[in-house]
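Here are some exercises to work through with the model open in your viewer. Try each task before you read its solution.

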Amino acid sequence: VEKHIFHAIVDHYSFRPTPLKTFPLRYYVNDDFYVPNSSSPCFFYAGNEANIFQFINNTGFLFEASKEFGALVVFAEHRYYGKSLIQPHDMSYLTVEQAMADFNTLNVHIREKWNMPADAAFIVAGGSYGGNLAMWLRLKNPNLWAGALASSATPLKHILRETNDFARIETEAYGNVSSHCPDLVRRGWKELFGNATTSEGRATVAKELHLCHVPFDNGVADSIHGWVSGALETMVQYGYPYETAFYNPLPAFPFRVACQGMLQAGTGLGALYAASNVYYNHTGQVGPCFAIEEIVGDAVKHWQRTGQHHRLEHESQQQQPTSALKQARNLYSYRGEVMEDYNAWGYQTCTEVYQPMPTNGVTDFEIPFTPNQSAYYERCRKLWNVKPRPNWEEMHFMGSHIAAGSNIFLASGQLDPWRAAGIQEVPKGASDSIIVRIIENGAHHLDLRESNPLDPSSVVNIRQEQKAAIRKWIVEWKEQVQRAKGH
């Protein structure tokens, strides 16, 4: 891919001047199979909450399809992520609407820069939050986007807030390997918090979890919980049928490997160690033991990545951490992608992407937890002086009421916990150009990944359906342009 810079407007929705009129938005282009000066399409990935290379390296489907369609492939970075930063760092310009306007104006810019004719179709694609963006771009601006591949989209945030469906789906993945695994995890939490209250118990925790040293106080139990919870959840979300390294090196279907390890251990703490060792140390990269400082950092990353940063506030109220633990928390609270002051995703979960998730410990294997809205709001106020709008996203972007739309292909993985917030059936009254598929044995945006011999037949078939839809959208776009010209 080749790097390009687009000078995006800082504030698309005001005519008043801003300290900086534009900012450099990165986008990367692959034209290996593109046919210049033709009606060849553009496959446009709408970047989401990470450095754009995380998606370039994990969205091989677009590159593969570009050969078949002769398409220009574009990956556009989301404002405030990676290197597409606005300085001075005023978070008020970080909204879903501003990001969509960036991509709309970049669409126009690319069409002009590459001298693409009006009948060259732009197909937008995205995964997870990027899947939301892809779907919403087509819904809001069908004049710019011929169709959308929305993979693992999560537009129904109220389900995450009102139910434990996210944790329940995660738990079912382990339970389908063995019904004993969820019970072992529940036992693990009891043993962890029970042992953490005494120095002898903490020594047992250190031994069973292979910690590099014995924790000084019971405060570390909450961080260990977040650390293990992150491993359990991510191994299902990214439970691909082959080895991967999306965040960490993982075996094929890592949750299955972890469950087998739990059964071999046969104890609660042993089960927690089995899960953590598969996720954090599959290739032995960590070494013989886990450092407390790294555990704290990984817990922070997990809660922030899933939009649960308010749990950090909950944890701090449950314990009096030692100075060493405080230093570890501070280290990871002000580093890179997990900076609490200027963490872009943390800010978005305090404004439009409001998704605190309850757990009950019965139909899921998590520790029972009921989010405290007042505490969540207070944390948002302290960090960024903002107040979440829980219902804004679904009201403004239609939730599941998209029957008036067209040319949208929604795919969710059966294994993926984020499926809980996805549209899982075609809306009543929708045209047949809105397609909804659940990928059997599929994980998070598996359909957008490059082909692999170990892919289940379900995703192989769905990719064929997606290409058929793209082909239809391209034809329709050309016909629409011809009609507009009066031909």
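Keep in mind throughout that this is a predicted model.

**Exercise 1. An asparagine before a helix**

Task: Decide whether asparagine 441 is buried, exposed or partly exposed, and find where it sits.

Solution: Start with the accessibility. Asparagine 441 has 29% relative accessibility, so it counts as partly exposed, given that buried needs under 20% and exposed over 50%. Next, the location: asparagine 441 is in the loop between β8 (434–439) and α18. Last, check the backbone. Its phi is near 60 degrees, which is a positive value in a residue other than glycine.

**Exercise 2. A second asparagine with positive phi**

Task: Work out which class of burial asparagine 407 falls into, and describe its backbone.

Solution: Begin with phi, which is positive at about 55 degrees although asparagine 407 is not a glycine. Then place the residue: it belongs to the loop between α17 (392–396) and β7 (408–413). Finally, its relative accessibility is 5%, so asparagine 407 counts as buried.

**Exercise 3. The span of α18**

Task: Check whether the end-to-end distance of helix α18 agrees with its number of residues.

Solution: Helix α18 runs over residues 457–484 and has 28 residues. At 1.5 Å a residue these should span 40 Å. The C-alpha atoms at its ends are 41 Å apart, so the two values agree. Now look along the helix for buried positions: among them are Val459, Ile462, Arg463, Gln466, Ile470, Trp473 and Trp477. An α-helix has 3.6 residues a turn, so residues three or four places apart point the same way. Just after α18, glycine 486 takes a positive phi of about 85 degrees.

**Exercise 4. How α9 meets α12**

Task: Find out how the axes of α9 and α12 are oriented to each other, and sort the residues of their contact by type.

Solution: Two packed helices are described by the angle between their axes and the distance between the axes. Here the axes of α9 and helix α12 (residues 292–305) come within 8 Å and cross at roughly 55 degrees. Therefore α9 and α12 are oblique to each other. The handedness of this crossing is left-handed. On the α9 side, the contact includes Val220, Ile224, Trp227 and Glu233, while α12 brings residues including Ile295, Asp298, His302 and Trp303. Sorted by type, the residues of this contact are eight nonpolar, eight polar and three charged.

**Exercise 5. How α3 meets α4**

Task: Do the same for α3 and α4: which orientation do they have, and which residues meet?

Solution: First the geometry. The axes of α3 and helix α4 (residues 129–140) come within 11 Å, crossing at roughly 65 degrees. That makes α3 roughly perpendicular to α4. This crossing is right-handed. From α3, Val96, Met100, Phe103 and Asn104 meet Tyr129, Leu133, Trp136, Leu137 and Lys140 in α4. By type, the residues of this contact divide into seven nonpolar, one polar and one charged.

Stay with α3 for one more step. Valine 108 is found in this helix, and its relative accessible area of 37% means that valine 108 is partly exposed. Valine 108 and leucine 144 are 36 residues apart in sequence, with their C-alpha atoms 8.0 Å apart in space.

**Exercise 6. Neighbours of α6 and α7**

Task: Find which helices the buried residues of α6 and of α7 pack against.

Solution: In α6 (residues 165–175), the buried residues are Phe166, Ala167, Ile169, Glu170, Thr171, Ala173 and Tyr174. They pack against α5 (157–162), α7 (180–195), α9 (220–237) and α10 (254–265). Turning to α7, the buried residues include Cys181, Leu184, Val185, Arg186, Trp189 and Leu192. The buried residues of α7 pack against α6, α8 (199–209), α9, α10 and α11 (268–281). As for its length, α7 has 16 residues and reaches 22 Å from first to last C-alpha, close to the 22 Å expected.

**Exercise 7. A buried glutamine in a loop**

Task: Say which residues surround glutamine 355 as contacts, leaving aside neighbours within four places in sequence.

Solution: Glutamine 355 lies in the loop between α15 (344–348) and α16 (373–384). With a relative accessible area of 2%, glutamine 355 is buried. Its contacts, with those sequence neighbours left out, are Lys157, Leu160, Arg161, Thr306, Gly307, Gln308, Trp345 and Trp418.

Terms used
Residues are numbered from 1 along each chain as its sequence is written. This is a predicted model: local features need pLDDT of at least 70, side-chain atom pairs count only at pLDDT 80 or more; totals for chains, interfaces and linings use all residues. Side-chain values use heavy atoms; hydrogens and water are left out. Buried means under 20% relative accessible area, exposed over 50%, partly exposed in between (1.4 Å probe, protein chains only). Helices (H or I, at least four residues) and strands (E, at least two) are DSSP runs, numbered from the N terminus. Contact means heavy atoms within 4.5 Å. Axes are lines fitted to C-alpha atoms, for helices over the stretch in contact, and angles run from 0 to 180 degrees between N-to-C directions. Angles under 35 degrees count as roughly parallel, over 145 as roughly antiparallel, 65 to 115 as roughly perpendicular and the rest as oblique. A crossing is left-handed if the near helix is turned anticlockwise from the far one by less than a right angle, and right-handed if clockwise. Ala, Val, Leu, Ile, Met, Phe, Trp, Tyr, Cys and Pro count as nonpolar, Asp, Glu, Lys and Arg as charged, and the others, Gly among them, as polar. The expected span of a helix is 1.5 Å times one less than its number of residues.
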